Amino acid sequence: MILTRPWEYRDLLARSKSIAMVGASSDPLRPSYTVFSFVRTGALFSVAPINPKLDEIDGVRAYPSLAEYARAFGAPDIVDVFRNPAAVLPVVDESIAVGAKAIWFQYGVINDEAIARADAAGLDVVVDRCIKVEIARFHGGLATAGLNSGVITSRRSGAR
Amino acid sequence: MLWYLVKRWGGETKALVLYSPRRGRLPQCSRHTPVEARTFRNSMNDRTFGFATRAIHAGTPPDPVTGARAAPIYQSSAFVFGSTEEAAELFALRGYGHIYSRISNPTVASFEERMASLEGGLGAVAFSSGLAAQLAVVLALARNGDHILCSQNVYGGTITQFSITLERMGIAVTFVPLDDPKRLRAALRPETKLLFVETIGNPSGSIAELSELAAFAHENGFPLVVDNTFASPYCCRPIEFGADIVVASATKFICGHGTTVGGIVVDAGRFDYGSARFPLLSEPSRGYHGKIFTETFGEYAFLMRLRAEILRDVGAQLGAHDAWLLLQGLETLPLRMERHLANARTVAQHLEGHTDVLWVRHPGLPSHPDHARAARYLPRGAGSVFTFGIRGGRDAGRRFIDALELWSHLANVGDAKSLVIHPASTTHSQLSDEEMLAAGVAPEAIRLSVGLEDSDDLIWDIDRALARAHSDKAVIR
């Protein structure tokens, strides 16, 4: 199913524990490093980089492929994709093969065929969104920066 | 063996094996909090809440630490880091959190989020005044050698800021008549970075044709910036008509009680700054070790740069206590605006029928040239600030002001109290009648900001003062 609403992202994140980050970089200037570092230090999800060119990022082991990752941990709940849109079809195929439950295409990673294929295989699909932003939306992160979280509630949350 | 302690939200502490240097073994995966301990609550659902609900709730869920229901005033200059790692994440713009109140503050953030919600934007950054807010927008998009377009029907303070201060900084400005497409087009330059207009022009009451102006700006590759001060988001939300950035003096209707000077910038997050026209956003930032804002922050690029570079470096931040006063004002914005609009309508109609009044320029009246446009862009009403011309010119205007009892003579608008000013005897008093007309302000013009009092009392005071302005006897107070 293609998810398009913030509360759908919230529910996806709430039922997920593990994130495999395809194309995560160790270069602090890359957006993928920003997101990786945010998720790792936030400690709400277990995260691992999928990048054949790296051994590790900030002390977390990198896996050359989703298949290698799955051998160690089983299927990831979310495959988070930082790749050239033209290169994501194999990532979708591999995600389906290892039994990933969801695939998350980051800002600008838009490939209609890849989206359709993942959707048809029964994965939850998020397109052109940032997983960091959607995690922060419900944990007070966006609110600290004056960003419109859309959260309206009179219930007290456990933490911000 | 190194053990890492993870404190769970519930208070229970768990130990996880993460790293063992002796075995040279890397952790197989980064740590995470068990799923049942997380804080994804029922904090959002499929409901689109209305304007009045958001005016009260947006940006202020109950305080998570104390449960305080009213927004707490976080009167603190700085905020303690949880760890050196967290500090590094914050300084590198990877984590979310507060460092120092010049850059962000929890109370100010509540106000920002509420404004973003009411204007229908992606986010907002508050400033110490409306003029600081609009200057920050220009500084975020333009630099020495660049050019901006501005409506000629804007607040005098904006004309001064753009034509004198910006020019001195090497940013050129062309003031254009918005209703003349030929002159708009003729003013375009390759280095034009934005078009600045007011929803309701001050003091003429001209209404900007927002949809067409947004299309014009986008066709030519730059954003439309709209000053929505006189309308407030209750009367008009420019983002719904294609505007990219909304700025406002929060001092006026947003505050509503004449207590606080503040400004706000709301960004729609729709404009693509990735082009070569906006190197400040699309090229490596010197202030952040080469980070490219459009690449890292996507639709948040403009807001991030506005806060992390402009607000940080300029230091024109809103204070926590001031933000709290503005939050209090916003809670009643819809109620107040209804009364402002009704009172303004009553006073304008009364003045239009008065023998001592030459003209009334209120966009809500059929006599205003932009009346049809006001009906489209401001269906609830075109604000409560408007001008009228007093018979007898400059001298009669002076006598009228001096005879008023209830209306306050001062240079502000959007207060609960009714306000009045006579440009010819105050802001424009050094100019001759001819010079004033050239500046677009008639010597007989009086500007009203209709407040929330009983309209009968407001009309009583006006009638009395108009009579005194035209009597031969000296005014006795």
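Select Asp227(B) to begin, and opposite this residue you will find Val247(B) in strand S8(B), strands being DSSP runs of E with at least two residues and helices DSSP runs of H or I with at least four, both numbered from the N terminus. The model is predicted, and local features need pLDDT of at least 70, side-chain atom pairs count only at pLDDT 80 or more, and totals for chains, interfaces and linings use all residues. Residues are numbered from 1 along each chain as its sequence is written, while chains are lettered from A and ligands numbered from 1 in the order in which they are written.

Next, select S8 (residues 245-249) of chain B, where five of five residues are buried (20 or more other C-beta atoms, placed from the backbone, within 10 Å of the residue's own). Ile245(B), Val247(B) and Ser249(B) point one way from this strand, and Val246(B) and Ala248(B) point the other way. Add strand S7 (residues 224-227) of chain B, which pairs with S8(B) in the parallel sense over three bridges (pairing requires at least two DSSP bridges). On adding strand S9 (residues 263-267) of chain B, you will see a strand that runs antiparallel to S8(B) and is joined to S8(B) by five bridges, with Gly263(B) as the bridge partner of Ser249(B).

Within S9(B), move to Val265(B), which touches, among others more than four places away in sequence, Ala136(B), Ile245(B), Val247(B) and Leu306(B) (contact means C-beta atoms, placed from the backbone, within 7 Å).

Conventions
Two residues are in contact if their C-beta atoms, placed from the backbone, lie within 7 Å. A residue is buried if 20 or more other C-beta atoms lie within 10 Å of its own, exposed if 12 or fewer, and partly exposed in between; C-beta atoms are placed from the backbone.
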